[in-house]
Amino acid sequence: MSPHGWGALADDATAAALVEAALDAVDGRVEHADVRLVEAEELRVYRRLGADVDERVEHTLGIGVRVLVDGVWGFAACPLADSAEAVTAARRAYALAVAARGTSKPVRLPELEVHSGRYETAVEQDPFTVAEHARQALLSEALDAACVPRDVVSAQVGVNAKRQHRHFGNSAGSRQHQHFLETGVLVLVLAAGHGDVQRRSYPNSFHGDTAAAGWEFVLGRDLVANAARVGEEAVALLTAPVAPSGTADVVLGGQQMSLQIHESAGHALELDRILGDEVNFAGTSFIGVDDVGSLRYGSPAVTITSDPTVPGTRGSFAFDDEGTPACRRTLVDGGIVRDTLSTLDSSARAGLPLTGAARSDGWGYTPVCFATHVYLEPGTGTLDELCDRLGEGFYAEDNRSWSIDERRWDFQFGTEVAYEVRGGKRGRLLKNFSYGGTTPRFWGSVEAVADDLRIFGYPCGKGEPKQWGFLSHGAPSTLVRGVRIGVA
């Protein structure tokens, strides 16, 4: 059976009938209507040191309907059993929009083109068909490997998988059917001793790593060997020297750079944040609408792209949650801000191009602006060649802590590991490395970017009520000159 053949909404025709029922319920009474029908199922399996296996499956199925009446949005959502619920949700959305008329500045959407199609994640091995004993045996072996060093006091390993049917239709005539599957893996180790506690993780320190793929993604991570490695490194950090403070030249690895992109580029370029929509919750941006096309954001070595058409990432899709087709957009080109991450509403208000970045956490939420697959374009040369160019300084990797202000201007990050670089060669292991600065100065100090692009899946929370977006960032190792270090 196809990995997308599960559930009540696997059949596009069945889902289409429900979408039509909701749209018919408000036909002729609204300026715009869109319907999102979502079925999702998530599997999580974790093993912790000293605890039993924790395995759980969650399932949800529902519909969300959004309408625009006299420039005012109305939204309603409910769990779904049959077409009656679809009609009920549409009528509630209409009633809410009518009740809210005159309470806000009218929204004016551009004329929408019709975009229809089908998309599904390419999967080699369905993670939901992997035998329970096989999943648990892999995790047990990885946990045992991570805990070999005596000073390991806490360890966790895990795998996760999520599959979704997402069906969309709007009053302009677009009809879309997307079937997603993602799989992830996590290793997290704590070591204690010598008056210290240190952490190491793999493959991504931020909630593990997840990609649009099947069980082959887990098998490709070499979980047991890397669990053993991070266990040993966590213990080694206990007696490593503390990284110094001051100003230094630094090469940052791909994982750390991926979070740097998320916090100081992805969020800063969200158009809803630029317009002030997030001011009372997540903040604003130092970038203004008038800066697009002219602001010097970074050095000529910095080109940042949004491209959800890249297959296999957590930010991959064919259409966003407003029905806008996925496309490649250059956000920062040679250091100059050229575009933003935008939605229908925000692009119309700002008079900027629509980039298709409307995402929602299932059927119960309205779409908001989230990053897609946003990455730093790779340069040339290997990591070793980049360190040789660095000469004297530090190589740091794997995020340990982060903080950034509400305008995405001032930031500080800590990494799990760092190494001295002397004569272009990595040497002594160092602990508690941190660095900080301001966003334009940091990106303006990027001298070179290697060719070792790595991609990581991330969760991200924003909006009111808060919802989770699932996205990805790619980054190569990056050489930055004159960085302030030892700040945290």
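This is a stop-by-stop tour of the structure, with a selection to make at each stop. The model is predicted.

**Stop 1: helix H1**

Select residues 12–26, which make up helix H1. Colour its buried residues: Asp12, Ala15, Leu18, Val19, Ala21, Ala22, Leu23, Ala25 and Val26. Now show what lies over them. The cover includes E1, strand E2 (54–69), helix H2 (83–99), strand E4 (117–120), E5 and strand E6 (175–193).

Try the distance tool on the end C-alpha atoms of H1. They are 22 Å apart, which agrees with the 21 Å that 15 residues should span at 1.5 Å a residue. Then step past the helix to Gly28. Gly28 follows H1 and has a positive phi, near 85°.

**Stop 2: strands E1, E2 and E3**

Select E1, residues 32–48, and add E2, residues 54–69. E1 and E2 run antiparallel, joined by 15 bridges. Pick Asp34 and look across to E2: Arg66 stands opposite. Five residues lie between the strands of this hairpin. Select Gly50 there; its phi is positive, near 80°.

Next add E3, residues 72–79. E2 and E3 are also antiparallel, with eight bridges between them. Keep Arg66 selected: Phe75 in E3 stands opposite this residue. The E2–E3 hairpin has two residues between its strands. One to click is Asp70 in the turn, where phi is positive at about 50°.

**Stop 3: a salt bridge between E1 and E5**

Stay with E1 and select Glu41. Which residue forms a salt bridge with Glu41? The partner is Arg163, with the closest N and O atoms 2.5 Å apart. Arg163 lies in strand E5 and Glu41 in strand E1, so the pair ties together parts that are 122 residues apart in sequence.

Are these two residues buried or exposed? Arg163 counts as buried, at 11% relative accessibility. Glu41 is buried too, at 15%.

**Stop 4: a surface patch**

Follow E5 to Val153; the strand covers residues 152–170. Add Leu190 and Val197 to the selection and switch on the surface. The three form a nonpolar patch there. Together they have about 240 Å² of accessible area.

**Stop 5: further salt bridges**

Side chains of opposite charge can pair when their charged atoms come close. How many salt bridges does a search of the whole structure find? The search gives 37.

Select Arg481 and Asp249. Their closest N and O atoms are 2.9 Å apart, in a salt bridge. Arg481 belongs to strand E23 (residues 478–485) and Asp249 to strand E9 (residues 246–252), so this pair connects parts 232 residues apart in sequence. Arg481 is partly exposed at 24% relative accessibility. Asp249 is partly exposed at 22%.

Move to Arg329 and Asp339. This salt bridge has its closest N and O atoms 2.8 Å apart. Arg329 is in strand E11 (residues 329–333). Asp339 is in the loop between strand E12 (336–337) and helix H8 (344–350). The two residues are 10 apart. Check the surface again: Arg329 is partly exposed at 22% relative accessibility, while Asp339 is buried at 5%.

Finally, select a group: Arg199, Arg200, Arg229, Glu233, Asp398 and Glu416. Salt bridges with shared partners join them into one network.

**Stop 6: a six-stranded sheet**

Go back to E11 and E12, and show the sheet around them. Six strands make an open sheet, in the order E12-E11-E10-E15-E22-E21. The pairing is mixed. Which strands are at the edges? They are E12 and E21, each pairing on one side only.

Zoom in on E10 (residues 304–306) and E15 (residues 373–376). They are antiparallel, paired over three bridges. Select Ser306 and find its bridge partner in E15, Val374.

**Stop 7: Ile455**

End at the E21 edge. Select Ile455, found in this strand, residues 454–462. Ile455 is partly exposed, with a relative accessible area of 37%. Show what is in contact with Ile455, leaving aside neighbours within four places in sequence: Asp209, Thr313, His373, Ser472, His473 and Gly474.

Now add Thr210. Ile455 and Thr210 are 245 residues apart in sequence. In space, C-alpha to C-alpha, they are 9.6 Å apart.

Conventions:
Residues are numbered from 1 along each chain as its sequence is written. This is a predicted model: local features need pLDDT of at least 70, side-chain atom pairs count only at pLDDT 80 or more; totals for chains, interfaces and linings use all residues. Side-chain values use heavy atoms; hydrogens and water are left out. Patches are made of residues with over 30% relative accessible area and no salt bridge: like charges are joined within 9 Å, nonpolar side chains (Val, Leu, Ile, Met, Phe, Trp, Tyr) within 5 Å. Accessible areas come from the Shrake-Rupley method with a 1.4 Å probe; for residues, only the protein chains shown count as cover. A salt bridge is a side-chain nitrogen of Lys or Arg within 4 Å of a carboxyl oxygen of Asp or Glu. Helices (H or I, at least four residues) and strands (E, at least two) are DSSP runs, numbered from the N terminus. Buried means under 20% relative accessible area, exposed over 50%, partly exposed in between (1.4 Å probe, protein chains only). The expected span of a helix is 1.5 Å times one less than its number of residues. Contact means heavy atoms within 4.5 Å. Two strands pair if DSSP finds at least two bridges between them.
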